[in-house]
Each structure stands twice: as structure tokens, then as C-alpha cells.
Amino acid sequence: MAERIKNLVIVESPAKAKTIEKYLGKDFTVRSSMGHIRDLKKGDGAINIEAGYAPLYEITPDKKTLVTELKKLAGKADTIWLATDEDREGEAISWHLFEVLGLKDSSTRRIVFNEITKPAIERAVQNPRTIDRHLVDAQQARRVLDRLVGYELSPVLWKKVKPSLSAGRVQSVAVRLIVDREREINDFTSRSDFRVSAEFTTSAGKKLKASLETRFNTEEEAETFLKSCIPSKFRVAAVEVKPAFRSPAPPFTTSTLQQEASRKLGFSVAQTMQVAQRLYENGHITYMRTDSVNLSKLAIGAAEKEITRLYGKEFSQPRNFTTKNESAQEAHEAIRPTYFNEQSAGADLNERKLYDLIWKRTIASQMSRAELEKTIITIEGSGLSARFIAEGEVIRFEGFLKVYVEGQDDSEDDEQEALLPKVSPNEALETGTITATQKYNRPAPRYTEASLVKKMEELGIGRPSTYAPTISTIQKREYVEKASREGTERPYIILSLKNENISRTSKTELAGQEKNKLFPTDIGILVTDFLAAHFPEIMDFGFTASVEKDFDEIADGKTRWVDMIDDFYKPFRVNVKKTLNEADRVTGERILGTDPKTGHTILVRMGRFGPLVQIGNKSETETPQFASLRKDQSLEHITLEAALDLFKLPREITSLEGEAVVAALGKYGPYLRHAGQFYTVPKGSDLLAMTPEEALAIIQAARNAPKLPIELGELDGEKVQINKGRFGPYVKLGSTFVTIPKGEDMFSITLERAKQLIADKAKADANKIIKTFSEDKSVQVLKGRYGPYLAKGKENYMIPKNQDPESLTWEQAQALMAAGAGKKKTTTRAAANAKKPEAVKAKSPAKKTTATKSKKKS
């Protein structure tokens, strides 16, 4: 008879399993399901609409072995404890386990906890419940609805817009937000005014800066005002001192954590959730998917104790916050540390950074408000109607500011309040410099990932568990790109009055500079416009928010999920059929003008392989010309001049040694071609404006450089070489490639330095090995840039996201390799360098974005 197991605990994550195992005694066996063990069937047959939208599930191939193991363990267990996360997704995982493993109500317990600590686990075991079918139904309704929308809309886009497109319910609305903001920015007309500031000196010799309360629309008005200041005598008209208070922000929800981690740490939304997940699974913080700002009485008490210990009793002010979001579950807690006396936690730098942010935010939320003294000084000038105002504040009691200050998104107000000198009413002031500076107003800022999350939350679109995957999906589908833009120089004027003389200075500032902002792509704009025209409900913010409320009602047991799906799907299906039959195909076509050479029409449109410019339509010529748009150009805004420039490349600049020197654009950027050789062009070079002298200088500099590869010597009987490729310089030893650190001159690398770089790489590679299989030592589990992966020779295989790499069995490894999951050849950055060198003798660049006479683009 098989040995019995008293208690089998199943969680969804290996890391969570390890942490829980520490707190439960020897009578408990803990295993991980590695996330969901089954999902909707692939293809459009996953939902049986005639059978009341019944979902058809299947065990995913990579989970079949695991499911067999769990079934065996469940068969031997007296009691099975389903301890997946407390949200709808976690409840659904427990339900799928219950169904697939064939568990019984009598021997199955459902337990939940929002922190992985010994007291929390013990409380959960003492207070088990059954699976909440309402939560399961809410999760199932979301999956079914999203699958129906995706599988119905995608074929419409294939036929009417472009092949291989896909659509999603929440994702499409998120893209619309970005498209709307982009158009708002493009339609914005920047206006300037003149803002006047002055520097005065008090009777005690202290400097006092103040700003005029009036702004001027034109330079003439500003200059007239400065002239009126020349005879004016200035004095302090009033001094107002009043107390002010500042209260701390509430502890983190999922949304506010994502926003603040972006502002202060530079984390993407997805990165924040990955790091937070690890902190939670290792018992450092409470559950990270929550929309509640509530703290438990136990947490408030622990925070009070730690604040008193660290800063003193006067800094403690216990408080609880109320969540404004109606759908938030107050039974859940905000994201907080599990142990407030742990000021630092985490296995790596990112974990420690995020934990520090969470610890400080939570501690600050339970601290006293800051007490300030705000001072407003009003300054009048004789003969002037407008007054100067100086504002400043002094912190009288730090309170929570001792620990934490909340970050801010883009703001037009760049001025900060300063400490002011002591002055008295009617005190005469000596005039220093009075300056009128031209300032431009700015449009609403483009969204960052974090500010998009904030907007989605404000509109009620999505929930804590959906923000990160939504933002990742719209970027993966290339509807949106996260990019930085350099901006353009813009002149502005400064008028200065000093010693009764007015001077005029012209300066420049960088306008439109962006860093890591979200931009819609041409195809993202095209799809958004098409869906908005034919599926207005799907693209309506209010409707999308109402669907989320429907899910909440299902979770509360107030609505049947089948009824909710039925109400949505029937009219939606009718609209899909109508659009397929009646809607015209859209290409975003826009006529720019006429080609001066041929007289043919020049237009831009979306082609099969992306946005393009076309010279000549079918009625004008049988062989129209095509050129792809550059990445920084768009269908909506490209000009006729810019479109014609695309056909000027390749361009012959000059000749050298009887051969043409040609400038062209390749897949990896601009280059020069001469006598079968290709030369990299410096970043920022304008190929259309490049002179013969500049082109020849580039070629000569490349010729004068040491010939590559450079042989430094030998190591272990193999040559040590220096070479340069697509991603920069590298050291090569046999089949080993080592990238030379950025900023280090490749031509100054000695043999000793090369040996050191090779040794460092060997050490790093050794640290990458998680596991080597005794059955075949060429098969290893390695740490990768994007997570652990399985490697055999030069072949890599993705390991499922929820699979614990350390516990991967030989059988599971064989199954992954047999399935070819995520199979790809190993290509390190340095190895890619070697394959695509860009030195003097580079291979011909692939896919030149030049004008061609072809019909394939259509």
C-alpha cells in the first residue's frame, strides 16, 4: 500500500512553495502547480456558444507530466489544501486544480492569505473555506469575453486593414488613449508669453527673488513694462505668514506602485510586477495585486512601534485610508512590508530598491503630517499697477517628510518655493535685475507606461491584474512603441533691465524632447480609427469601464456570467457580420501631391509590409515606385518634400579611384558604399546633405584604422583577436566572443587585458549554470537575460514562465526539447557582432530602404 500523505498543499509558484514549506510542519507536503494547469483550447473552437458559452479547456502540453504527479500525490493525501493567490486568477487556478485532479469537497480545503508569514499561514489553515465560484465565474467571464472579441475582431482586421493583425477588448481602448493624446499634441498650437522676475536686495543685504503676477503676450508689452520700472521705487507692501500642513500619501496599490516605481526607479510596469512578485513569494511584502489602500490593525500597530523606535513618538500618527474606488475590496490590504522592522530585503538590487520604496511609503503613511510655515511677500513699485510676489516655506516639523516624498509626473511649473529672507512691511528694496523671459506653453504630455496606468485606473479600464499585460501586449503587437525623441531647438527671447539699461538676448531651448514615452505606430492609428468607426462600443471608455463593473458584479454573485456574455455578444456578433460585408478596406491613403519628374500622383498608405510612399497609381503607370517610410515618419504627418527625399537614396555623392561613392539607407542605418566595400556613417549624419569631402573623410578614416581582425597573441593554443561588429568591438578566442566594455578603446586592448575579459566571461558563464543533467551533460538550465532557459549545444528552449528551473526533471527537459518550445539558435551579442561585422569589409546590408520599381509592396 502506498505511503499516505497527511496534508498536500498546492500553490501556483515554486518560490511561494519554498517559503510556505518553512512555516508548515513535517505533516505538510507543499507542491507548485506552476500557474494555470489548463487553458482555453487553441483556435476558434474554444467556446461552445450554442451550449451557453461553455468554455472548452485543455491541459497545456508542458503541464501534462506535472498534472500526473499532482494526481498521484492527491490520491495519497488525506487533505488537500489549495493555497493559490486570493484574487480571481488565484481562485480560478484552485478551481481548475479541483476539476482536473478529481478532488472531493470532503477532503479539499481552500485557504487564502495576503502575506506569506508564519502567523498568516497558520491563521489561514485554521480558517479554511470552499472555492468561491463567483470569483471563478468572474475570471472565466473575462477570459471568454476576451477570447470572443479577439477571435471575432481579428479576421475583420485581416480583411479590412492588414493581414496578421489582432485586436483585444482592453488593449484596443488603451491604444486609443495613446492615439488620442498624440493627435491632441499634433493639433496643439504653442503660444508664448513673457514672464517677469526680479531680484531685489533687502535693507539687510539679503537677496529676494520675486515674480510678477501679470504676464505679457508680446515682446513689446514686456519691454514697455521694463521701461516703466526704470524710475520706479520698490517696497514691501505686505508680508503674510501662515501655517500650512502636508499629509502623507496612502500606502501603495498596484497602480500607484507601478507609477512611483516608474518615476523614482525607472522601472517599466512589467518589471515592477515581476520584482514585486518575487518579493511577495519570498515573504517580504503582502500580495501585490490590489486596489485597496487599507491596512490591517496588526500592520498599523507594527508600523507605529517601528516609527516610535526609529524617530520618536511625535512622528507617529496611526491612520487608515479609505479607498475611493467603489470596486476595491477593503478586505484586502494595500501593498506593505510583512515585517516593518526589516528596513531592507530582497535577493538583488532591483528587489532591494522596490522593497525600500514600499517600506518608506508604508511607514510614511503612518507618520505625522508635516508642519510648514508659508510666507507670501508682496512687493509694489511706484507707478506700477502690477505687483511682484515672492513665496516660500519653512519646514517647522518634518513629520513624514523625514522618510518619503511622493514623485510627480510631467509638470509645467518648474519653479520651486525657496527660503525667503526676513523683511518688514514698507521696507524699501534695492532693485537688481528685472528679467522678462519668453516662455512657451506645452501640450498635455505623452503617456509613460506609469501615467497610462493612472489614466486607465481613473477611467475604470482594467483591474490591478490587467494593467501590466495590457501595456506589454500593445507594444508586442507594435500598435505602440516606447521611444525617446531628441526634440528640436526653439529660439526664445530674454529682456533684462539692469542699471536703467534694457538688453535683448536670444537663446535656444530644446522643445519636444521625450524620454521613454508611448507613441502610436501608423498601424496602431489605422486600427484605432477603423475600430472606432465600426465598433464604437468596443472603443468607448465608458462602455469598457461598465464591462469591468459587470465582472465585479459577477464576483459579488449579483449577476450570472452567462447572461452578461449573452448581452454583449449577440449585438456584437451582428456588428461583426455587418462590418465584414459592408465596410471598405482601409489603407490610410493620403495624397501628398505630384511628382515633379513624372507628373504622377504621390501618395502614402499602409502596405503589406508597413507604411510606404508610392509614386504613380494604377491609372498612371504599370510600374509605380515605392519607398518605405523611416521609423521617425508617419502617414499622417509626412510632407511631400520628405516623401520625395526618400527616393533620392541611394545617392551618388562623389567618385574615388574611378568608382562611385554612394550613400544609402540599410536595415541597420545609413552607410556609404564604394568599390564593393561598406562604411558605417557616424550617428546623426544627413545623407542628403553630406558633401564629397565628408564622405571621403569617412572612407579615409576607416582605411587608416588598423586592419581587423587584430591578432594579439595566443591563449591555450588558440588565437586571441580583436574585431568589430554590428553591436561594437569584441574579443574572440576560438568560439568564445567577449564584448569589449563601452568606453574602452578597442585599439588599446592588450593581450593581458583580453585574457582578463575572457576570464571574467568564463566566470560569469559558470555563474549562469543553474543545473546540469547527469543523463546528458550537454543539456543545462542556464540563467538568461529574460529568465532561465534550457540549452543543448547551440539550441535554446524556453522554460515555461511558472516552471521552477531548479526542479526541472530530465523527463520535462526531454519533453521541452521534443516539442521545440521556443527553439532558437544561441546568438550572443558578441557572436552577432562576429556574424555581421561593420568594419571596412562589412557584408552587404540587407533590406535597403530605397526606392524600388516593384509591385510586391502593394
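This note walks through some local features of a predicted model, point by point.

1. **The four-stranded sheet.** A good place to start is the open sheet built from four strands, which follow one another in the order S27-S28-S29-S30 with antiparallel pairing. Strands in a sheet are held to their partners by backbone hydrogen bonds, and the pairing can be parallel or antiparallel. Strand S27 (710-715) and strand S30 (736-739) are the edge strands; each has a single partner, so one side of each has no neighbour in the sheet. Going from one strand to the next, the twist averages 25°.

2. **The S28 and S29 hairpin.** Inside that sheet, S28 and S29 run antiparallel and are joined by six bridges. Two residues lie between these strands, and together the strands form a hairpin. If you would like a pair to look up on screen, try Ile 722, whose bridge partner in S29 is Val 731.

3. **The S29 and S30 hairpin.** Strand S29 (residues 728-733) also pairs with S30, again in the antiparallel sense, over four bridges. Val 731 is worth a second look here, as its bridge partner in S30 is Val 738. Lys 732, in turn, stands opposite Phe 737 in S30. This is another hairpin with two residues between the strands, and Gly 734 in the turn has a positive phi of about 60°.

4. **How covered is S29?** How many of the six residues of S29 are buried? Five of them are, so to speak, under cover: the strand is mostly covered. As background, side chains in a regular strand alternate between the two faces of the sheet.

5. **A helix across the sheet.** Which helix lies across S27, S28, S29 and S30? Look for helix H19 (residues 751-768), which runs at about 65° to S27. Strand S28, for orientation, spans 718-725.

6. **Two helices side by side.** Elsewhere in the chain, helix H15 (residues 541-555) packs against helix H16 (residues 561-582). A packed pair of helices is described by the angle and the distance between the axes. For H15 and H16 the angle is about 160° and the axes are 10 Å apart. Angles over 145 degrees count as roughly antiparallel, and that is how H15 is placed relative to H16. The crossing of H15 past H16 is right-handed. On the H15 side, the contact is made by Phe 543, Val 547, Asp 550, Phe 551 and Ile 554. H16 contributes Trp 561, Met 564 and Phe 568.

7. **Thr 601 and its surroundings.** Thr 601 belongs to strand S20 (residues 601-607). Is this residue, Thr 601, buried or exposed? With a relative accessible area of 15%, Thr 601 is buried, as the cut-off for that label is under 20%. Leaving aside residues up to four places away in sequence, Thr 601 touches Ile 591, Gly 593, Gln 614, Ile 615, Gly 616, Asn 617 and Glu 620. One of these, Glu 620, is joined to Thr 601 by a polar contact of 2.9 Å between the side chains. For a sense of distance, the C-alpha atoms of Thr 601 and Gly 283 are separated by 66 Å, and the two residues are 318 apart along the chain.

8. **Two cis peptide bonds to check.** Most peptide bonds are trans, and most residues other than glycine have a negative phi. Against that background, the bond joining Leu 649 and Pro 650 is cis, with omega about 0°. Pro 650 sits in the loop between helix H17 (640-645) and strand S23 (651-656). The peptide bond from Leu 708 to Pro 709 is cis as well, with omega near 0°. Pro 709 is placed in the loop between helix H18 (692-704) and S27, which brings us back to an edge strand of the sheet in the opening point.

9. **Two positive phi values outside glycine.** Tyr 53 is not a glycine, yet its phi is positive at about 60°. You will find Tyr 53 in the loop between strand S4 (47-48) and strand S5 (54-55). Its relative accessibility is 4%, so Tyr 53 counts as buried. Glu 657 likewise has a positive phi, near 55°, and is a residue other than glycine. Glu 657 is located in the loop between S23 and strand S24 (659-666). At 58% relative accessibility, Glu 657 counts as exposed.

How values were computed. Residues are numbered from 1 along each chain as its sequence is written. This is a predicted model: local features need pLDDT of at least 70, side-chain atom pairs count only at pLDDT 80 or more; totals for chains, interfaces and linings use all residues. Side-chain values use heavy atoms; hydrogens and water are left out. Two strands pair if DSSP finds at least two bridges between them. Axes are lines fitted to C-alpha atoms, for helices over the stretch in contact, and angles run from 0 to 180 degrees between N-to-C directions. Contact means heavy atoms within 4.5 Å. Buried means under 20% relative accessible area, exposed over 50%, partly exposed in between (1.4 Å probe, protein chains only). A polar contact is a pair of N or O atoms within 3.5 Å; within protein, one must be able to donate a hydrogen and the other to accept it, and residues adjacent in sequence count only if both atoms are side-chain atoms. Angles under 35 degrees count as roughly parallel, over 145 as roughly antiparallel, 65 to 115 as roughly perpendicular and the rest as oblique. A crossing is left-handed if the near helix is turned anticlockwise from the far one by less than a right angle, and right-handed if clockwise.
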